Amino acid sequence: MASQIELYQENVIKKALPLSEKVVEAFYHHPRHLFVPEYSIAEAYSDHPLLLFERSPLLSTISQPSFVLKILDMLQLESGHKVFELGTGSGWNTALMAHIVGDTGKVISVEVIPEMAKRATDMLKQFHVKNAVVLEGDGFEGYQIESPYDRAIFTAGSREFPEKLFEQLKEGGRMVFVRETHLGYDSLELIEKKNGVVDVISAVPCSFVSVIRKKESRLQDGTP
């Protein structure tokens, strides 16, 4: 008989289907509830965002689990990929991606909130995730020293498009960008780099916290 945790996990998977086997495997390898110990197991697997940190103007949440899995599936991550992530949060999404890209891949994740950067770093160490690095700072312009990237992902919304990060994306690479609109909701765009220009493959309505820019903590020339 399945445990209560397994039932919660199965429910998340069902809501997110169809998914690739590697995304499902990563989901079970890094259980979501371990990354949000301040919440009950039932809350951890409830299909809605959870608040992680709030101190105006700083805000951090963890997105609804089924949506996280769908986004990872859209990215089409492969073993050996190098990934840039803006917005580490709990570190759960970072760990999922690190598992998928494997030992030959790498995840560079940037978090602007110092407390969240430390929390995620501690979590990744606790769960022996060795192919992911968390940097504290403003990663809106990417991290040149580790470029080029096969994939890039925003976990916060912005009206401004990250041109410098896009330049650090390989030709044929994919990016998930959360574009803030004037329509009362955000638009999650799946982008592919084709001949050096932006090609929006798909866009779906969503809601994310806004990107926080902090000039004093900007990653300049690859130096945090």
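**View 1. Helices α1 and α4 make a right-handed crossing.** This close-up, like the others here, comes from a predicted model. Helix α1 covers residues 4-16 and helix α4 covers residues 65-75; they pack with their axes 8 Å apart, at an angle of about 50 degrees. An angle that is neither under 35 degrees, nor over 145, nor from 65 to 115 counts as oblique, and α1 and α4 are therefore oblique to each other. On the α1 side, look for Val12, Ile13, Lys15 and Ala16, which meet Pro65, Ser66, Leu69 and Lys70 of α4. Sorted by character, the residues of this contact come out as five nonpolar, one polar and two charged.

**View 2. Seven strands build an open, mixed sheet.** Walking across the sheet, you pass β5, β4, β3, β6, β7, β8 and β9 in that order. The edges belong to β5 (132-136) and β9 (197-206), each of which pairs on one side only. Neighbouring strands are turned against each other by 15 degrees on average, with direction ignored.

**View 3. Strands β3 and β4 run in the parallel sense.** Here residues 82-86 of β3 pair with residues 106-111 of β4 over five bridges. A handy landmark for this pairing is Phe84, which stands opposite Ile108 in β4.

**View 4. Helices α5 and α6 lie across strands of the sheet.** Helix α5 (residues 92-101) lies across β3, β4, β5 and β6 (149-158). Helix α6 (residues 114-126) lies across β4 and β5. What angle does α5 make with β4? It runs at about 165 degrees to that strand, and α6 likewise runs at about 165 degrees to β5. Angles over 145 degrees count as roughly antiparallel, so α5 is roughly antiparallel to β4 and α6 to β5.

**View 5. Helix α5 is mostly covered.** How many of its ten residues are buried? The count is nine, and the buried residues are Trp92, Asn93, Thr94, Ala95, Leu96, Met97, Ala98, Ile100 and Val101. Just after the helix, Gly102 takes a positive phi of about 75 degrees.

**View 6. Two cis peptide bonds precede prolines, at Pro18 and Pro148.** As a reminder for anyone checking backbone torsions, most peptide bonds are trans. The bond joining Leu17 and Pro18 is cis, with omega of about 5 degrees; Pro18 sits in the loop between α1 and α2 (21-29). The bond joining Ser147 and Pro148 is also cis, again with omega of about 5 degrees, and Pro148 belongs to the loop between β5 and β6.

**View 7. Gln76 and His128 each have a positive phi without being glycine.** Most residues other than glycine have a negative phi, and that makes these two loops worth a friendly second glance. Gln76, in the loop between α4 and β3, has phi near 55 degrees. Is Gln76 buried or partly exposed? Its relative accessible area is 41%, so Gln76 is partly exposed. His128, with phi near 60 degrees, lies in the loop between α6 and β5. His128 counts as exposed, because its relative accessibility is 63% and the cut-off for exposed is over 50%.

Terms used:
Residues numbered from 1 in each chain as written. Predicted model: local features only at pLDDT ≥ 70, side-chain atom pairs only at ≥ 80, totals over all residues. Heavy atoms only, no water. Pairing = 2+ DSSP bridges. Helix = DSSP H or I, 4+ residues; strand = E, 2+ residues; numbered from the N terminus. Axes fitted to C-alpha atoms, helices over the stretch in contact; angles between N-to-C directions. Contact = heavy atoms within 4.5 Å. Buried < 20%, exposed > 50% of the residue type's maximum accessible area, 1.4 Å probe, protein only. Left-handed = near helix turned anticlockwise from the far one by under 90°. Nonpolar A, V, L, I, M, F, W, Y, C, P; charged D, E, K, R; others polar.
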